[in-house]
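Please walk me through this structure in the viewer. Tell me what to select at each stop and what is there.

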Amino acid sequence: MSISNNDVQHVAKLARLNLTAEEEQTLTGQLNAILKYAEKLNELDTENIEPTTHVLHVSNVMREDETKESLSIEQVMRNAPDEEDGQFKVPAVME
């Protein structure tokens with residue numbers, strides 16, 4: 001796989017970048033060097049390697065869901081700068 005000048009121009013257009021011809025050449029070379037380096041990974045024997053999502057073992061600590069007593073509407077609305085019909089009233093964002 002390799003990157004052409006047309007590929008760089010296309011991505012630059014999508015990103016709305018104005019690149020000079022020299023910058024396009026430089027980026028084409030740099031991106032091709034990155035791809036060439038990444039292709040070295042294909043040389044590795046990964047037949048007996050299990051796929052992983054993280055380098056380190058990661059586990060979530062989960063707790064049981066428990067219902068707890070909550071604040072009443074009146075208590076919550078005491079902190080509201082403005083309130084209407086038991087709901088926070090906020091300034092309109094759209095007209």
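**A surface patch, then two loops**

Begin by selecting Leu27, Leu31 and Ile34, which together make a nonpolar patch on the surface with about 240 Å² of accessible area. The model you are looking at is predicted.

Keep Leu27 selected and colour helix H2, the element in which Leu27 lies. Leu27 counts as partly exposed because its relative accessibility is 30%, and partly exposed covers the range between under 20% and over 50%.

Next, select Gln30, which is also placed in helix H2. With a relative accessibility of 44%, Gln30 is partly exposed too. Now add Ile3 to the selection and draw a C-alpha to C-alpha distance: Gln30 and Ile3 are 9.5 Å apart in space, with their positions 27 residues apart in sequence.

Move to the loop that runs between helix H1 (5-14) and helix H2 (21-39), and select Arg16 there. What is the phi of Arg16 near? The value is near 55 degrees, which is positive in a residue other than glycine. Arg16 has 77% relative accessibility, so this residue counts as exposed; the cut-off for exposed is over 50%.

The last stop is the loop between strand S1 (83-84) and strand S2 (87-88), where you should select Asp85. Phi of Asp85 is near 55 degrees, again a positive value in a residue that is not glycine. Is Asp85 buried or exposed? Asp85 counts as exposed, because its relative accessibility is 71%.

Definitions and conventions: Residues are numbered from 1 along each chain as its sequence is written. This is a predicted model: local features need pLDDT of at least 70, side-chain atom pairs count only at pLDDT 80 or more; totals for chains, interfaces and linings use all residues. Side-chain values use heavy atoms; hydrogens and water are left out. Helices (H or I, at least four residues) and strands (E, at least two) are DSSP runs, numbered from the N terminus. Buried means under 20% relative accessible area, exposed over 50%, partly exposed in between (1.4 Å probe, protein chains only). Patches are made of residues with over 30% relative accessible area and no salt bridge: like charges are joined within 9 Å, nonpolar side chains (Val, Leu, Ile, Met, Phe, Trp, Tyr) within 5 Å. Accessible areas come from the Shrake-Rupley method with a 1.4 Å probe; for residues, only the protein chains shown count as cover. A salt bridge is a side-chain nitrogen of Lys or Arg within 4 Å of a carboxyl oxygen of Asp or Glu.
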